[in-house]
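Q: I should like to learn how to read a structure of this kind step by step. Please begin with the secondary structure once the model is displayed.

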Amino acid sequence: MPTLKQKPTRSQNRTGYLFASPWLFGFFALTLGPMVLSFLFAFIRWDGISVDTIKWVGLGNYARAMRDPDVGIALWNTAYYSFISVPLGLSVALGLAMLLNQKLRGISLFRTIFYMPSVIGGVATIMMWIWVFNPEYGLLNGALRQGCNLLAAMGLTSARTWVLPQWIFSARWAKPSLILMSMWGAGASMLIFLAALQNVPDSLYEAADLDGAGRWSKFLHITVPQISPAIFFNLIMGIIGSFQVFAQAFLMTNGGPNKATLFYVLYLYNKAFQDFEIGYASALAWILFVIILFFTLLVIRSSKVWVYYEGD
Amino acid sequence: MKRRTATEYKLRRKAFRTVLYTLAIGLSLTFLFPVVWAVGASFKPLIEVYRFPPTLFPWPPQWQNYPAALSKLPFARFIGNTFVITMGATLGQVFSASLVGYAFARLHWRGRSFWFVCLLATMMLPGQVLLIPHYLIFKNLGWVNTYKPLIVPAWLGGGAFFIFLFRQFFKGIPSELEDAARIDGANELQIYARIFLPLAKPILITVAIMSFIGHWKNFMGPLIYLSDYERYPIALGLRMYQQVEGGSFVHYLMAASVVALFPLLILFFLAQRYITKGLLLTGSKA
């Protein structure tokens with residue numbers, strides 16, 4: 001019977017490739033091939049319809065992207081969204097996880113409630129949030145208005161001085177609205193943090209108590225390092241996901257108001273499927289790839305400093 | 001450290017726990033509110049939606065909102081379409097991911113580790129790079145405006161992540177079972193189908209559920225490939241509703257949204273264990 005160390009026989013090779021063939025075929029046809037195609041597309045101008053409109057532009061598309069003010073806007077919007085929603089989302093997730101880790105009663109119910117939005121989320125919940133954000137009749141402003149009236153009734157403030165934000169209808173509040181909505185989906189990260197928290201040995205905390213460590217010190221020097229792999233994972237997933245934000249902007253604001261929510265992938269989509277600029281959109285896609293890769297590698301590189309694995 | 005009496009400790013702890021409970025309940029309500037409010041709105045007569053102060057749940061509930069909302073656009077059809085797409089894709093993912101995962105885990109073939117690295121590399125690729133070539137490829141195949149671009153890729157390996165899950169799982173199964181079967185003269189396919197596959201039931205279910213949820217929610221794929229509205233899945237159907245009626249008939253839009261959510265909600269409650277496990281597997285892969 002052939003062992004691991006020996007070269008596989010012809011029949012073994014055949015079997016292996018046979019079982020793996022669906023993926024291998026897909027890899028060439030739907031991953032590698034398209035990657036090469038899209039790389040090449042970035043060097044041409046084409047509308048994707050008739051072959052005679054193809055024109056070679058070399059690095060022209062990339063140059064255009066550098067000059068295109070909308071690209072700058074899209075990058076800024078995406079960076080704004082990502083660099084705020086990711087840390088915020090992680091904090092919320094960690095906070096919720098720590099709350100759930102407290103051995104309260106009914107924990108599975110709370111966990112279900114916090115986790116549910118990230119599972120059922122999609123177009124349906126986006127529709128619900130559009131209405132939640134409605135400045136006149138929506139839940140958010142309704143609650144805020146009640147709160148203001150309450151404060152006014154207690155004499156703490158004048159009810160008339162409060163102007164409530166227009167949320168997704170305001171260029172100023174549109175991105176914060178989407179960031180707020182994204183925190184609603186923190187449940188998935190929360191579960192990962194919860195699992196990590198539950199794996200931290202109590203003995204570490206007990207030892208710290210003996211040394212007289214305060215709550216914050218215990219958090220900073222025990223909890224954080226112990227769950228750093230989970231932080232690492234959620235951070236990378238968060239970055240990758242947030243850079244690709246699309247559906248919310250497409251459905252709720254369509255890039256507005258005033259391009260406030262013109263996120264990068266939305267811009268790419270418009271260029272590809274509305275303006276039929278295959279070449280330019282492909283160049284944009286590769287730029288995005290490089291950016292995401294850059295930040296991912298950055299986090300991975302830095303992880304050597306702050307991530308502690310078992311047995312370190 | 002400050003000296004405290006035993007009762008002081010007990011009181012402090014009680015106070016702390018009360019704060020925690022309040023926090024937990026408060027946050028839960030906050031998390032629930034959008035959905036609860038939407039459900040309430042779906043039962044309201046239109047004027048009540050615009051009332052201030054806003055009411056949570058109307059009395060009497062306007063049950064007729066639902067059939068009214070669902071008849072404005074062919075929602076039953078949209079849901080049916082979603083089922084077709086989702087089942088087709090999920091079946092493909094479960095089937096092919098387990099096959100390929102098995103190949104990476106238990107079969108020995110030249111180049112296996114090389115291809116595995118390729119597999120992992122594809123997990124890093126953002127979909128946007130492939131978006132346009134995929135569309136052009138499918139267009140030239142004549143697959144635009146059909147479900148094929150949404151279903152067929154799922155059968156070609158089912159995605160690197162699920163393959164990885166199966167591989168990890170199959171790797172963990174002791175080789176004695178395999179060896180015994182081999183001695184009995186079973187071929188590879190039989191070993192896979194009769195021994196490994198039945199053992200993989202929990203992970204098959206997990207993958208099936210995760211795949212189902214993902215495809216049910218899929219928006220961009222159908223958006224790009226489907227132009228006939230009769231073929232729309234529920235995600236596009238809702239958007240169409242929003243464009244056609246949404247601004248004026250919020251209560252109907254909410255009813256339609258609730259209906260769209262319903263299968264996911266049910267699946268979530270029935271299979272929560274598996275969904276959570278699937279999620280944690282994502283994390284442990286790191």
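Q: How many helices and how many strands make up the secondary structure of chain B?

A: The general step is to count the elements and then read their order along the sequence. In this predicted model, chain B has 14 helices and zero strands, so its pattern is simply α-α-α-α-α-α-α-α-α-α-α-α-α-α. Chain A likewise has 14 helices, and two strands in addition.

Q: What do the residues at the confidence extremes of chain A look like, element by element?

A: Confidence is best read before geometry. Where pLDDT is low, the predicted coordinates should not be read in detail. The average pLDDT of chain A is 88, and 96% of its residues score at least 70. Among the elements of chain A, the lowest mean pLDDT, 83, belongs to helix α6 (residues 139–153) of chain A, and the highest, 94, to helix α3 (residues 69–100) of chain A.

Q: How is the radius of gyration of chain A to be interpreted?

A: One sets the value against what the globule rule gives for the number of residues. For the 312 residues of chain A the rule gives 20 Å, and the radius of gyration is 25 Å, well over that value, so chain A is more spread out than a compact globule. Its C-alpha atoms fill a box of roughly 75 × 65 × 35 Å along the principal axes. For chain B the radius of gyration is 25 Å, where a compact globule of 286 residues would have one near 19 Å. The C-alpha trace of chain B spans about 75 × 75 × 35 Å along its principal axes.

Q: Which figures describe burial in the two chains?

A: Burial may be read first as a fraction of the chain and then for single elements. Buried residues make up 40% of chain A, and 41% of the 286 residues of chain B count as buried. Helix α9 (residues 175–183) of chain B is hardly covered, with zero buried residues among its nine. After α9(B) comes G185(B), whose phi is positive, near 90°.

Q: How is chain B divided into domains, and where do they touch?

A: The bounds come first, then the contacts. Chain B is divided into domain 1 (6–63) and domain 2 (66–285). The centres of domain 1 of chain B and domain 2 of chain B are separated by 34 Å, taken over C-alpha atoms. Eight residues of domain 1 of chain B are in contact with eight residues of domain 2 of chain B. On the domain 1 side of this contact in chain B, α1(B) gives the most, with four residues. By class, that side of domain 1 of chain B has six nonpolar, one polar and one charged residues.

Q: How many residues of each chain take part in the contact between chain A and chain B?

A: An interface is read by its extent, its main contributor and its composition. Here 73 residues of chain A are in contact with 74 residues of chain B. Helix α1 (residues 10–41) of chain A supplies the largest share of the chain A side, 19 residues. That side of chain A divides into 56 nonpolar, 17 polar and no charged residues.

Q: Which residues touch the most other members of the largest nonpolar core?

A: A core is read through its best-connected members. Of the 155 residues in the largest nonpolar core, these are M190(A), F193(A), I163(B) and A256(B). Helix α14 (residues 250–285) of chain B gives the most to this core, with 13 residues. Both domain 1 (6–63) and domain 2 (66–285) of chain B give residues to this core, so it lies between them.

Note on methods:
Residues are numbered from 1 along each chain as its sequence is written. Chains are lettered from A and ligands numbered from 1 in the order in which they are written. This is a predicted model: local features need pLDDT of at least 70, side-chain atom pairs count only at pLDDT 80 or more; totals for chains, interfaces and linings use all residues. pLDDT is the predictor's confidence in each residue, from 0 to 100. Domain bounds come from an automatic or database domain assignment. Two residues are in contact if their C-beta atoms, placed from the backbone, lie within 7 Å. Ala, Val, Leu, Ile, Met, Phe, Trp, Tyr, Cys and Pro count as nonpolar, Asp, Glu, Lys and Arg as charged, and the others, Gly among them, as polar. The radius of gyration is taken over C-alpha atoms; the globule rule is 2.2 Å times the number of residues to the power 0.38. A residue is buried if 20 or more other C-beta atoms lie within 10 Å of its own, exposed if 12 or fewer, and partly exposed in between; C-beta atoms are placed from the backbone. A nonpolar core is a set of buried Ala, Val, Leu, Ile, Met, Phe, Trp, Tyr and Cys residues joined through C-beta atoms within 7 Å.
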